[in-house]
Structures are given as structure tokens and as C-alpha cells.
Amino acid sequence: MAIGRLFRKYRMGAVVEPGALCASSCVLIYAGAVYRLGYNKKALIGIHQPYFPVPRGQISPEAVRNAYTAMLTNIRTYLTEMNVSPQLADEMLKTAPSDVRYLSAKEQEKFGLTIIDPIELETTSLQQAQELGISRREHIRREALSRSQCPADASFGDCYQQVMKTGSLPLVDLSRFGTPVD
């Protein structure tokens, strides 16, 4: 959770490459990231019950219960702080430490492990609108225009920038077709 808080503080992202695994405590770091790129069918995001290392002294069920309750409270508080549903902690409890439950994309969405943290998205949008000198409503309009009209290829970035700066789509360059005929 301390690493996840650092990710959040410095507005860092986390990437789980296709074929890679983020399980156990990694999920808590992943939850702290403001951008989460493990939201694909080939990356594995796995959860299970938290557990303690074996203590040196005598083990008391009461002490274990108190420590476990405190740990779960800390995890729920942390998840809430990271804009992730504290219900994720409850789901962790349903899987034994010796097993791993992999979350589907739908489950990641349900728990708030979305690609962009909603607070980060709003912060970035407000900063961009401020830099452009436009209202938040105009920013939303331009975002929607770019998402619906800019091509989903290598030119998307340039188109997006043009729409965000001007509020309209870039003009199509027809110069390769020669001189217009009157």
C-alpha cells in the first residue's frame, strides 16, 4: 500500500503486459496507479486472501483475529483512498492464500480498477481546459468530437490535439490530388 500511495502521489501509471501477471500485493500497487494498463484479456490481475508471516512467539487466535481485522480495515481504507471499491477486499477473502482468483475485465470495471482513475481524469481535464482557456463544458464537447471523429490509427494524436486546440476537425489535405478545377 505504501508503494501504491507513492504511485498516486507522483501520478504514476502501472502496466501489466499481455501474458504477465499482477497478483497478491501487486494488486494493491496496481490500485494506486492513476493509469492502469492491465485491462486486457491477456494480462492477469489476481487476488487472494492476505496472510501474515509466521511469528516467533506464541500464536493466539485473539491476537490473529485483531491483527486480521486491523489489516482488512487498512486495506478497505486504502482502496477507498485510491477510488477503488472496498468490496475488492471482501472478494479477496473469498479466495484462499494458496489460490489466486483472476479478475475479468468486467470485474476490474466493477471494482474501479479502470484504465484511468476518475479523479486523475477529472484533474487532467480541468488542467487541459484551463490551459486552453475553455470551459469544462466546451472541453467535454471537444473530447466527444475527437473520440467520435478522429480515426483510430496513428493519426489519432494529431487529430485529437487539433480538435482540442481549435474545437473543430482538421481540414483534409487534398493537395495530393493536384490543382482544383474551376
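Me: Let me fix one term before we start: a disulfide is a pair of cysteine sulfur atoms within 2.5 Å. How many disulfides does that rule give?

Reply: The count comes to two disulfides. Before we go on, this is a predicted model, where local features need pLDDT of at least 70 and side-chain atom pairs count only at pLDDT 80 or more, while totals for chains, interfaces and linings use all residues. Residues are numbered from 1 along each chain as its sequence is written, and side-chain values use heavy atoms, with hydrogens and water left out.

Me: Great, and what is the pairing of the bonded cysteines in sequence order?

Reply: Numbered along the chain, the bonded cysteines pair 1-2, 3-4. One link is between Cys22 and Cys26, with the sulfur atoms 2.1 Å apart. The other joins Cys150 to Cys159, S to S 2.0 Å.

Me: Which hand does the link of Cys22 and Cys26 have? And the link of Cys150 and Cys159?

Reply: The link of Cys22 and Cys26 is left-handed, with -110° about the S-S bond. The link of Cys150 and Cys159 is left-handed too, at -75°.

Me: Are Cys150 and Cys159 buried or exposed?

Reply: Both Cys150 and Cys159 are buried. Buried means under 20% relative accessible area, exposed means over 50%, and partly exposed is in between, with a 1.4 Å probe and protein chains only.

Me: Now Cys22: why does it fall in its class?

Reply: Cys22 is buried because its relative accessible area is 1%. Its partner Cys26 has 28%, so Cys26 counts as partly exposed.

Me: New topic, the sheet. What is the strand order?

Reply: Three strands make an open sheet in the order β2-β4-β5, and the pairing is mixed. β2 and β5 (101-102) stand at the edges with a single partner strand each, so one side of each has no neighbour in the sheet. Strands are DSSP runs of E with at least two residues, helices are runs of H or I with at least four, and both are numbered from the N terminus. Two strands pair if DSSP finds at least two bridges between them.

Me: How many bridges join β4 to β5?

Reply: Two bridges join β4 (residues 44-47) to β5, and these strands run antiparallel. In one bridge, Gly46 has Tyr102 of β5 as its partner.

Me: Where does Val100 sit?

Reply: Val100 is in the loop between α4 and β5. With 29% relative accessibility, Val100 counts as partly exposed. Its C-alpha is 9.3 Å from that of Ile45, although the two are 55 residues apart along the chain.

Me: Let's look at backbone angles. What is the phi of Ser24?

Reply: Phi of Ser24 is near 65°, a positive value in a residue other than glycine. Ser24 lies in the loop between β2 (21-23) and α2 (26-32), and it counts as partly exposed because its relative accessibility is 31%.

Me: And what about the phi of Asn83?

Reply: Asn83 has a positive phi of about 65°, although it is not a glycine. It is found in the loop between α3 (61-81) and α4 (87-93). At 29% relative accessibility, Asn83 is partly exposed.

Me: Which side chain makes a polar contact with that of Asn83?

Reply: The side chain of Asp117 does, at 3.0 Å. A polar contact is a pair of N or O atoms within 3.5 Å; within protein, one must be able to donate a hydrogen and the other to accept it, and residues adjacent in sequence count only if both atoms are side-chain atoms.

Me: What else does the side chain of Asp117 reach?

Reply: It reaches the backbone nitrogen of Ile119 at 3.0 Å. Asp117 is in the loop between α5 (105-111) and α6 (118-132), and it is buried because its relative accessible area is 1%.

Me: Next, Gly133: where is it, and is it buried or exposed?

Reply: Gly133 lies in the loop between α6 and α7 (136-149). Its relative accessibility is 64%, so Gly133 counts as exposed. From C-alpha to C-alpha, Gly133 and Lys165 are 9.7 Å apart in space, with a sequence separation of 32 residues.

Me: Thanks, very handy!
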